[in-house]
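Me: I should like to go through this model by asking what justifies each term applied to it. Please set each value against its criterion and then conclude.

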Amino acid sequence: MINENSEVILSVRDLHATVDGTEILKGVNLEVKAGEIHAIMGLNGSGKSTFSKVLAGHPDYEMTHGEIQFKGTDISELEPHDRATAGIFLAFQYPLEIPGVSNRDFLRVAFNAHRKSQGEDEMDVFDFDDLIEEKLDVVKMDAAFLDRSVNEGFSGGEKKRNEILQMALLEPTLSILDETDSGLDIDALKTVAGGVNQLANPDNAVVMITHYQRLLNYIVPDYVHVMADGRIITTGGKELAERLESEGYEDIMAEHKVEVAV
Amino acid sequence: MAIQVSNSETSTQPTKREQREAYLKSLLSTAQAHVPDALAFSDLRAKAEAIVNEHTFPSNRDEDWRFTDLSPMISVPFQAAESPSEIDMGALGPVQMPEAIARIVLVNGQYNETLSDIDQLPPGVVVGNLANLKDGALGDQLTARLAMSNGGHEVFTALNTAGFQDAAVVYVLRNQVVEQPIQVVYLSVARAEPIIANPRCMVIAESGSAVTVVEDFFGAHDRDHFNNSVTEVWADDNAQVTHVRLQREGAGTFHIGKTAITQGRDSRYTLVPVTLGACLSRHNLEVYQNGPQTDTNLYGLTAIAQSQLADTHSLIAMNHPHGTADQLHKAIIDDSAHAVFNGRVWVPRNAQLTNARQLNRNLLLSGKARVDTKPELDIVADNVKCAHGATVSQLDANEVFYLQSRGIDAEAAQRLLIYGFAMDIIDRIPVPSLRGSLTNTVTGRSR
């Protein structure tokens with residue numbers, strides 16, 4: 001939902017970033033306001049996943065130029081956990097498995113880390129169990145998942161639902177969904193999209209990074225950005241995604257004088 | 001080219017081998033000097049003395065001690081303690097276990113009545129010390145089993161047999177089921193001179209009985225100390241023994257421990273050996289399946305840091321058909337610590353239709369940490385299942401980042417990952433208070 005008077009949540013200016021000395025991001029500009037849903041689309045290697053990791057503060061990615069402001073504050077020097085407790089959430093393309101740590105314990109530790117950063121007391125085990133049961137409904141997950149090791153032996157769809165469960169629990173201001181739709185069957189996609197739609201509200205914002213227009217049938221974006229060669233080359237509404245779906249990336253990239261890497 | 005070596009020089013400079021021989025003899029004579037008259041066992045002791053005298057103190061040239069260098073011990077003149085140490089209950093503080101139905105305490109290998117608590121036992125189970133029990137109703141059974149486990153020819157086992165000053169005894173009579181754990185504490189207490197202790201323990205679960213035993217090796221001090229322990233366990237036919245062995249000795253302790261288990265047919269034995277302490281430790285763990293369809297489970301955890309060395313040498317001898325063995329040994333190694341694992345599984349021709357699994361997993365927390373791991377499967381039987389493996393890994397930076405991205409700081413993220421690594425061993429410990437304290441110890445150790 002676009003509202004010109006909303007607070008700017010994320011402001012990225014001329015962002016350059018490298019990994020292992022290779023420049024991947026070559027001047028990204030993006031502004032996201034409260035209440036908005038953005039989609040970033042692009043081919044493999046366009047830099048979309050790198051962009052999400054740089055926002056979350058992954059140590060392998062070095063920001064070499066530009067700025068990232070979150071709710072008016074420069075976060076480029078913040079540790080990943082400080083970005084998270086400030087309200088940035090990254091749903092991983094490939095959620096990691098943590099053997100030996102139950103999902104319930106993991107969620108409680110993460111939740112209490114957020115509480116602590118707000119100067120609040122940790123929530124006790126029983127209150128937390130009540131809270132998490134509520135949140136399970138958002139992604140239609142069975143409570144049995146809570147007592148399994150984090151993501152261990154989960155199917156692809158279960159892992160992605162588990163990411164949205166974490167989002168539901170941590171209530172971030174900015175959610176970055178990195179290819180959350182990839183590899184999902186249609187039922188799982190509907191469940192995940194339903195969860196995201198349920199969590200979106202006028203005070204938070206969502207940035208979806210995706211390869212496929214299909215996701216946008218279920219989560220309708222306010223803006224669609226096309227990323228190529230480490231930059232956002234054009235921005236439009238939902239119709240831009242539809243054009244990409246029917247024409248492919250070549251024409252749009254040619255219009256913006258970006259060579260198609262094969 | 002002629003090199004002349006004068007005779008006088010060779011005779012005044014003892015070779016390293018002679019040094020090691022002399023050192024072993026000095027350990028033997030100090031241990032023997034303080035054997036109480038009540039536990040003379042002259043035949044047994046004489047045999048053990050003969051075995052020790054056939055050996056020299058081990059060096060890295062012995063295959064069994066390739067990775068574990070005992071030479072730092074040779075400069076320390078360990079003495080066996082003559083008199084018992086005066087000590088009060090406070091010394092037990094951190095090892096008190098509320099779940100225990102009985103506790104027997106050896107201090108530097110000698111029975112301590114004040115610290116022990118053996119009066120609340122249900123019928124059918126006896127907990128005490130050998131010196132008191134050997135003239136009672138169980139005397140003959142205890143004497144018949146003492147030092148009769150296989151593997152008694154190993155030099156440190158024989159040294160203990162020659163010099164032990166008393167033994168803790170847990171004896172469960174036929175078909176008795178003891179619900180609550182029995183605790184055996186070995187307290188190492190520093191004296192003016194460096195001490196060698198030879199603590200000993202006998203756990204006997206008669207046919208059809210069930211018992212849980214928790215051994216706790218504990219010493220709070222960092223002074224030079226040598227603990228040379230031997231525990232013999234018998235799980236008779238169809239008996240069930242659950243055993244926790246917790247080694248949390250002080251930082252100056254050299255710990256060499258033998259656990260020898262003899263299993264009767266259809267018996268079930270589970271051991272959780274946890275190694276946290278000592279500057280240098282060696283656990284010789286030997287299981288002898290002495291009847292068909294025995295079940296052996298070994299779930300070990302080593303967590304060491306600084307310059308600690310912890311060596312686990314295990315042997316599972318599957319001598320009969322239909323036996324099963326499941327072994328998982330995990331090590332968390334920080335700083336410049338060094339873990340050694342050597343896991344031997346012996347499956348002779350008559351051990352058909354057996355099933356054995358062994359896995360050694362190591363987590364290195366520092367670039368200087370080291371592990372040497374060696375599975376040793378010795379299979380002659382032709383109709384068996386036998387699997388083994390070893391892994392060495394570090395904390396995964398992507399896993400740490402995943403946790404950080406959920407608001408968990410890097411240090412807590414590492415703690416959580418270490419917890420995850422250790423938990424499937426700690427969860428096997430059937431004593432809640434011990435699970436709790438171990439979880440804190442193991443995860444608190446990360447930086």
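**Loop residues and their exposure**

Reply: L353(B) is placed in the loop between β18 (338-347) and β19 (355-364) of chain B. The model is a predicted one. Phi of L353(B) is near 60°, a positive value in a residue other than glycine.

Me: Why is L353(B) called partly exposed?

Reply: A residue is buried with 20 or more other C-beta atoms within 10 Å and exposed with 12 or fewer. L353(B) has 15 C-beta neighbours inside 10 Å, so it counts as partly exposed.

Me: What makes the phi of E171(A) worth listing, and where does E171(A) lie?

Reply: Phi of E171(A) is near 45°, which is positive in a residue other than glycine. E171(A) lies in the loop between α5 and β9 (174-178) of chain A. With 16 other C-beta atoms within 10 Å, E171(A) is therefore partly exposed.

Me: How do you know which class of exposure applies to G252(B)?

Reply: The cut-off for a buried residue is 20 or more other C-beta atoms within 10 Å. G252(B) has 19 C-beta neighbours inside 10 Å and so counts as partly exposed. G252(B) lies in the loop between β11 (240-248) and β12 of chain B.

Me: Which residues are in contact with G252(B), leaving aside its neighbours within four places in sequence?

Reply: They are H221(B), D222(B), R223(B), D224(B), H225(B) and C279(B). In addition, G252(B) and A220(B) are 32 residues apart in sequence and 9.6 Å apart in space, C-alpha to C-alpha. A contact requires C-beta atoms within 7 Å, whereas the figure of 9.6 Å is a C-alpha to C-alpha distance.

**Strand β12 and helix α6 of chain B**

Me: What makes strand β12 (residues 253-263) of chain B largely enclosed by the rest of the structure?

Reply: 11 of the 11 residues of β12(B) are buried, so the strand is largely enclosed by the rest of the structure. Both faces of β12(B) are covered. T253(B), H255(B), G257(B), T259(B), I261(B) and Q263(B) are buried on one side, and F254(B), I256(B), K258(B), A260(B) and T262(B) on the other.

Me: How do you know that β12(B) pairs with strand β10 (residues 225-235) of chain B?

Reply: Pairing requires at least two bridges between the strands. 11 bridges join β10(B) to β12(B), and the two run parallel. V230(B) stands opposite K258(B) in β12(B). The criterion is likewise met by strand β14 (residues 280-289) of chain B, which 10 bridges join to β12(B), also in parallel. I256(B) stands opposite R282(B) in β14(B).

Me: Why is helix α6 (residues 155-163) of chain B described as mostly covered?

Reply: 9 of the 9 residues of α6(B) are buried. Among them are V155(B), F156(B), L159(B) and N160(B). The buried residues of α6(B) pack against α2 (16-33), α3 (42-54), β1 (79-80), β8 (200-205), β10 and β12 of chain B.

**Core, overall form and contact between chains**

Me: Which residues touch the most other members of the largest nonpolar core?

Reply: Of its 198 residues, these are L174(A), I176(A), V170(B), I332(B), I333(B) and A422(B). Helix α8 (residues 410-426) of chain B supplies the largest share, 10 residues. The core draws at least three residues from each of domain 1 (15-291) and domain 2 (398-447) of chain B. V170(B) touches V127(B), I182(B), V184(B), V203(B), V211(B) and V213(B), not counting residues up to four places away in sequence.

Me: How do you know that the radius of gyration of chain B agrees with that of a compact globule?

Reply: For 447 residues, a compact globule would have a radius of gyration near 22 Å; chain B has 22 Å, and therefore agrees. The C-alpha trace of chain B spans about 70 × 70 × 55 Å along its principal axes. Of the 447 residues of chain B, 50% count as buried.

Me: What makes up the contact between chain A and chain B?

Reply: The contact takes 21 residues from chain A and 17 residues from chain B. On the side of chain A that touches chain B, α3(A) gives the most, with 5 residues. By class, that side has 14 nonpolar, 7 polar and no charged residues.

Conventions: Residues numbered from 1 in each chain as written. Chains lettered and ligands numbered in written order. Predicted model: local features only at pLDDT ≥ 70, side-chain atom pairs only at ≥ 80, totals over all residues. Contact = placed C-beta atoms within 7 Å. Helix = DSSP H or I, 4+ residues; strand = E, 2+ residues; numbered from the N terminus. Nonpolar A, V, L, I, M, F, W, Y, C, P; charged D, E, K, R; others polar. Rg over C-alpha atoms; globule rule 2.2 N^0.38 Å. Core = buried A, V, L, I, M, F, W, Y, C linked by C-beta atoms within 7 Å. Domains from an automatic or database assignment.
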